[in-house]
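Dear colleague,

Please find below the structure that I am handing over to you. My notes on it follow directly after.

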Amino acid sequence: MSCAKSIIAATLVASAAAFAPVSQTGSSSALKAFENEIGAQPPLGFFDPLGLLDDADQERFDRLRYVEVKHGRICMLAIVGHIVTAAGIRCGGNIANGVPFTDMKAGLGFFDTISGAGLAQIIAFIGALELGFGLRQAEIEEACERYQENFPVSSVVPFDIDRVSGIELNNGRAAQMGILALMVHEKLDNNPYIINDLLGSPVPFN
């Protein structure tokens, strides 16, 4: 219960912080500087209730945007993983010596069933991804830019990088809220898919 209380408390603090007063001057200058950036779109437009961009330059904005996109992508993967494992789908073989993937619980229950060796492998894999990307970041970003420039032209669905980036941002933002909600409801009553319950189609979980 202490873990559940910590998660709920953190959620409440974040919610309260969203309504914290910020400097009107700073907010006004940030609005003028970044109101036309991708992601500042209806219905909220430019939304910075914590004032993170007050007196910020373009470099600061780009850094925060980079972090936002990265967290959004991670959370989109987390949502897919949560749904897949909640459906009972597992990899074959063992996550660690003598510990099969089929023994792993879904969601946060994963930490109750995984061995130390299995957790170490996951941490090492994430570290390798971070290190590998860091070493080749410029090369990867250049390849992505070339791909976008040479993307096949379609008269049906024309490729618009700004539109695609906006969609990715919104999906990532929704996924961040979604995975947080799944974790909170799992700790509250082990029922992360509470919406399914309300719609009359409960999902057995762990």
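The notes below cover aromatic pairs, salt bridges and one further contact.

Please keep in mind that this is a predicted model.

Aromatic pairs

Searching the whole structure gives three aromatic pairs. One of them is formed by Phe34 and Phe61, whose rings are stacked, at 4.7 Å centre to centre and with 10° between the planes. Phe34 belongs to helix α2 (residues 24-34) and Phe61 to helix α3 (residues 58-86), so this pair ties together parts that are 27 residues apart in sequence. Phe34 has a relative accessible area of 2% and is therefore buried. Phe61 is likewise buried, its relative accessible area being 7%.

Salt bridges

Side chains of opposite charge can pair when their charged atoms come close. In this model the count comes to six salt bridges. Three of these are described here, beginning with Arg173 and Glu68, where the closest N and O atoms are 2.6 Å apart. Arg173 is in helix α6 and Glu68 in helix α3; the two residues are 105 apart, and their pair links distant parts of the chain. Both count as partly exposed: Arg173 has a relative accessible area of 26%, and Glu68 stands at 22% relative accessibility.

Helix α3 also takes part in a salt bridge through Lys70, whose side chain meets that of Glu130 at 2.8 Å, N to O. Since Glu130 lies in helix α5 (residues 116-149), the pair ties together parts that are 60 residues apart in sequence. Glu130 is partly exposed, with a relative accessible area of 41%, and Lys70 is partly exposed at 29% relative accessibility.

A salt bridge within helix α5 joins Arg136 and Glu139, with a distance of 2.6 Å from N to O. These residues are three apart in the helix, so about one helical turn separates them. Arg136 is partly exposed at 46% relative accessibility, and Glu139 is partly exposed with a relative accessible area of 45%. Elsewhere, Arg65, Glu68 and Arg173 are joined into one network by salt bridges that share partners.

A further contact

Which residue has its C-alpha atom separated by 7.3 Å from that of Met183? That residue is Gly107, which is 76 residues from Met183 along the chain. Met183 lies in helix α6 (residues 161-189) and, at 28% relative accessibility, counts as partly exposed.

Yours sincerely

Definitions and conventions
Residues numbered from 1 in each chain as written. Predicted model: local features only at pLDDT ≥ 70, side-chain atom pairs only at ≥ 80, totals over all residues. Heavy atoms only, no water. Phe/Tyr/Trp six-rings, centres within 6.5 Å; stacked < 30°, edge-to-face > 60°. Helix = DSSP H or I, 4+ residues; strand = E, 2+ residues; numbered from the N terminus. Buried < 20%, exposed > 50% of the residue type's maximum accessible area, 1.4 Å probe, protein only. Salt bridge = Lys/Arg side-chain N within 4 Å of Asp/Glu carboxyl O.
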